[in-house]
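Biologist: I've got a fold in front of me and a few things I'd like to ask about it. Can you pull it up so we can talk it through?

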Amino acid sequence: MESIEHVNYIKAPIAKVYKTLTTKEGLGNVWTKKLKVKPEIGFVNEFDFDEGYITKFKVIELIENNKIVWECIASDEEWIGTKVSFGLSEKDNVTTVTLIHYYWRERTDFYRWCNYNWAMFLYRLKTYIEN
């Protein structure tokens, strides 16, 4: 199994980062405007990237200001069954975000493209929150 792992440091309180990653307003400004999200275990978040299908992530873990885990239940075939985890920690008003997209079956060109896009996601998250 393969995984994509990234870390970024955001000059903001952890609560602000957590809220951005769990709300329609936050994810709408970072990822896509076409979405349905709710910070509730068992809820199925939906993201539309105009690719002909809706990406659906079931919320499987929420620890406020600490951890968010989603399981992909619908999307591109390579994403189905994978999980995305956002680990959060804070020191001196800087929040560390550790993103791990795991349970990939193999390292493909799509995997490599997604790796790049997750890095861009973290960059947009940082830019949105700090500005």
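Biologist: How far apart are the mean positions of the positive and negative charges of the protein chain?

Modeller: Keep in mind that this is a predicted model. The protein chain carries 18 positive and 19 negative charges. Take the mean position of each set, and the two lie apart by 5 Å.

Biologist: What pattern does the protein chain follow along the sequence?

Modeller: There are three helices and seven strands to place. Reading along the sequence, you get β-α-α-β-β-β-β-β-β-α.

Biologist: Are the rings of Phe57 and Trp70 stacked, tilted or edge-to-face?

Modeller: Phe57 sits in strand E4 and Trp70 in strand E5, so the pair ties together parts 13 residues apart in sequence. Phe57 counts as buried at 0% relative accessibility, and Trp70 does too at 1%. Stacked needs planes under 30 degrees apart and edge-to-face needs over 60. The ring centres are 5.1 Å apart and the planes are at 40°, so the pair is tilted.

Biologist: And how about Trp79 and Trp118, which kind of pair are they?

Modeller: Their ring centres are 5.9 Å apart with the planes at 10°, so this pair is stacked.

Biologist: Which parts of the chain does that pair link?

Modeller: Both Trp79 and Trp118 are buried, and they are 39 residues apart. Trp79 and Trp118 also belong to one aromatic cluster, with Trp31 and Phe47 among the other members. The parts linked are the loop between E5 and strand E6, home of Trp79, and, for Trp118, helix H3.

Conventions
Residues are numbered from 1 along each chain as its sequence is written. This is a predicted model: local features need pLDDT of at least 70, side-chain atom pairs count only at pLDDT 80 or more; totals for chains, interfaces and linings use all residues. Side-chain values use heavy atoms; hydrogens and water are left out. Helices (H or I, at least four residues) and strands (E, at least two) are DSSP runs, numbered from the N terminus. Lys and Arg count as positive and Asp and Glu as negative; His and the chain ends are not counted. The place of a charge is taken as NZ of Lys, CZ of Arg, CG of Asp or CD of Glu. Rings of Phe, Tyr and Trp (its six-membered ring) pair if their centres lie within 6.5 Å; planes under 30 degrees apart count as stacked, over 60 as edge-to-face and the rest as tilted. Buried means under 20% relative accessible area, exposed over 50%, partly exposed in between (1.4 Å probe, protein chains only).
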